[in-house]
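Please open the structure in your viewer and keep the selection tool at hand. The tour below proceeds by selections, each followed by a description of what is found there.

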Amino acid sequence: MLLAGGNGFIEVVIFLSSTVPVIGLIWFAWWFLRAGKRHDERERAAREAGRPLDTDR
């Protein structure tokens, strides 16, 4: 038996409460790192084009 709940509903609640936060944290890390990569790419493109960096964002 995977989980030690009293019935199926309790097992589903226990399973979701232990997996959803982990999945949410992984998604947030992916989103945050992707946003940083986009920022770095914009900054690099601006530097290569000779434009001043956008500092008011």
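The expected span of a helix is 1.5 Å times one less than its number of residues. With that in mind, display the backbone of this predicted model and select helix α1, residues 8-49. Helix α1 has 42 residues, and the distance from its first C-alpha to its last is 60 Å, close to the 62 Å expected at 1.5 Å a residue. The protein has one helix and zero strands.

Next, go to the ends of the helix. Select N7 together with F9: N7 caps the N-terminal end of α1, with a side-chain oxygen 3.2 Å from the backbone nitrogen of F9. Then select G50, which lies just after α1 and takes a positive phi of about 80 degrees.

Now switch on the molecular surface. How much area does the protein expose? The figure is about 5200 Å², of which carbon and sulfur atoms supply 67%. Of the 57 residues, 5% count as buried.

Return to the helix and select W27, F28, W31 and F32, which form one aromatic cluster. Rings pair if their centres lie within 6.5 Å. By this rule the count comes to three aromatic pairs. Select W27 and W31: their ring centres are 6.3 Å apart and their planes stand at 15 degrees, so the pair is stacked. A stacked pair needs planes under 30 degrees apart. Both W27 and W31 belong to helix α1, where they are four residues apart, about one turn of the helix.

Keep W31 selected and add F28. F28 and W31 form a tilted aromatic pair, at 5.7 Å centre to centre and with 35 degrees between the planes. These two residues are three apart in helix α1, and about one helical turn separates them. Why can such spacings bring side chains to one side of a helix? An α-helix has 3.6 residues a turn, so residues three or four places apart point the same way.

Are F28 and W31 buried or exposed? F28 is partly exposed, with a relative accessible area of 42%. W31 is likewise partly exposed, at 36%. Partly exposed covers the range between the buried limit, under 20%, and the exposed limit, over 50%.

Finally, widen the selection to W27, F28, W30, W31, F32 and L33 and colour their surface. These residues make a nonpolar surface patch of about 730 Å². The members of the aromatic cluster, W27, F28, W31 and F32, are included in this patch.

How values were computed: Residues numbered from 1 in each chain as written. Predicted model: local features only at pLDDT ≥ 70, side-chain atom pairs only at ≥ 80, totals over all residues. Heavy atoms only, no water. Phe/Tyr/Trp six-rings, centres within 6.5 Å; stacked < 30°, edge-to-face > 60°. Buried < 20%, exposed > 50% of the residue type's maximum accessible area, 1.4 Å probe, protein only. Patch = residues over 30% accessible without salt bridge, like charges linked within 9 Å, V, L, I, M, F, W, Y side chains within 5 Å. Areas by Shrake-Rupley, 256 points an atom, 1.4 Å probe, with all protein chains shown as cover. Salt bridge = Lys/Arg side-chain N within 4 Å of Asp/Glu carboxyl O. Polar contact = N/O pair within 3.5 Å; in protein donor to acceptor, adjacent residues only side chain to side chain.
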